[in-house]
Amino acid sequence: MTRIDGDPFSPESERACIDQAAGAVVRGRAGLQLKLDNGKVRLFKDKGNCERNPDTCEIYSLYDYFPKGRLFLVHDQGYESDAWFLVSQREGRKQRIVDPPGYSPSKRWLVAVKAIDGPSDANNGFDILPADMNASGPSIHYRPTEYENWEFVRWDSDERLLLNVTIHEDGSRAMLTHPAEATLVKGKWILNKWAPR
């Protein structure tokens with residue numbers, strides 16, 4: 001989609017996404033309504049008044065639309081946290097990811113990579129999934145359990161994603177960055193944290 005200059009979360013940016021979705025999205029006072037191919041509506045109901053109720057605050061917005069895979073990218077803004085969801089226009093299935101995704105070279109896969117130093121809200125790590133969010137297709141949703149900062153480097157091919165991972169070396173405070181890769185092998189994504197380039 002074409003981003004509006006300035007704030008990517010502005011009403012103008014969301015309106016551009018809604019226009020691109022060709023009548024499948026309605027922004028109402030209750031929140032965001034996604035019209036699915038099966039005739040149902042998936043409602044993401046806003047829970048505003050964030051200053052008074054920070055624990056329950058959620059404001060949803062349509063951040064992007066992927067017409068090839070018929071996927072909505074929904075952003076959930078909390079009081080001091082946020083989350084990202086891909087939602088299939090076909091049947092409404094929802095998949096949480098770490099950040100807005102981008103395509104592989106042939107647009108077969110979507111990848112999202114995010115590194116956070118502070119509290120992560122599960123937005124730390126990376127995701128690779130089929131560009132149409134096919135439930136039977138191979139995917140990987142990696143969330144580190146220890147300090148690891150992940151960085152997208154590039155796609156080497158549609159079957160190999162190059163990454164960097166920064167860790168504390170041998171439990172010390174010194175930081176070291178290693179090359180890593182996720183490779184599609186026999187229909188399954190395999191992570192190699194210490195990959196040669």
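## Strand 6

Strand 6, residues 82–88, is mostly covered in this predicted model: 7 of its 7 residues are buried. D82, W84, L86 and S88 point one way from the strand, while A83, F85 and V87 point the other way. Both sets are buried, so each counted residue falls under 20% relative accessible area.

Strand 6 has pairing partners in strand 5 and strand 7. With strand 5 the pairing is antiparallel and runs over 7 bridges; in this pair, Q77 stands opposite D82 of strand 6. With strand 7 the sense is again antiparallel, and 4 bridges make the join. Here L86 has Q95 in strand 7 as its bridge partner.

Both pairings are also hairpins. Between strand 5 and strand 6 there are 4 residues. Between strand 6 and strand 7 there are 5 residues, and G92 in that turn has a positive phi of about 90 degrees.

## The sheet 4-5-6-7

Strand 6 belongs to an open sheet of 4 strands in the order 4-5-6-7, with antiparallel pairing. Strand 4 and strand 7 (94–97) are the edge strands, each pairing on one side only. From one strand to the next, the twist averages 30 degrees.

At the strand 4 end of the order, strand 4 (59–66) is joined to strand 5 by 7 bridges, and the two run antiparallel. One bridge in this pair links F66 to L71 in strand 5.

## L71 and its surroundings

L71 lies in strand 5, which covers residues 71–77. Which residues touch L71, once its neighbours within four places in sequence are left aside? The contacts are D64, Y65, F66, L86, V87, S88, L110, A131, D132 and M133. Among them, F66 is also the bridge partner of L71, and L86, V87 and S88 are buried residues of strand 6.

The relative accessible area of L71 is 0%. L71 is buried because this value is under the 20% cut-off. As for a distant part of the chain, the C-alpha atoms of L71 and G187 are separated by 23 Å, and the two residues are 116 residues apart along the chain.

## Helix 1

Helix 1 spans residues 11–20, and its buried residues are S13, E14, C17 and I18. Why do these residues line one face of the helix? Seen down the axis of helix 1, the buried residues fall within an arc of 140 degrees, so they line one face. In general, an α-helix has 3.6 residues a turn, so residues three or four places apart point the same way.

The face of helix 1 turned away from the buried side carries the exposed residues P11 and D19. On the buried side, the cover includes strand 1 (25–28), strand 2 (31–35) and strand 4 (59–66). Strand 4 is thus named twice in this account: as part of the cover of helix 1 and as an edge strand of the sheet 4-5-6-7. Just after helix 1, A22 takes a positive phi of about 50 degrees.

## The sheet 8-9-10-11

Another open sheet has 4 strands in the order 8-9-10-11, with antiparallel pairing. Strand 8 (102–103) and strand 11 (140–142) stand at the edges. Each of these edge strands has a single partner strand, so one side of each is left without a neighbour in the sheet.

Strand 10, residues 125–130, pairs with strand 11 in the antiparallel sense over 3 bridges. Within this pair, D127 stands opposite H141 in strand 11.

## The chain as a whole

The secondary structure of the chain comes to 1 helix and 15 strands. Buried residues make up 43% of its 197 residues. Of the contacts in the chain with a separation of 6 or more, 40% come from residues 24 or more positions apart.

How does the radius of gyration of the chain stand beside that of a compact globule with 197 residues? Such a globule would have a value near 16 Å, and the chain has 18 Å, which agrees. Along its principal axes, the C-alpha trace spans about 50 × 40 × 30 Å. The accessible surface of the chain comes to about 10,600 Å², and 48% of that surface belongs to carbon and sulfur atoms.

Note on methods:
Residues numbered from 1 in each chain as written. Predicted model: local features only at pLDDT ≥ 70, side-chain atom pairs only at ≥ 80, totals over all residues. Heavy atoms only, no water. Buried < 20%, exposed > 50% of the residue type's maximum accessible area, 1.4 Å probe, protein only. Arc of directions from axis to C-beta. Contact = heavy atoms within 4.5 Å. Pairing = 2+ DSSP bridges. Rg over C-alpha atoms; globule rule 2.2 N^0.38 Å. Areas by Shrake-Rupley, 256 points an atom, 1.4 Å probe, with all protein chains shown as cover. Axes fitted to C-alpha atoms, helices over the stretch in contact; angles between N-to-C directions.
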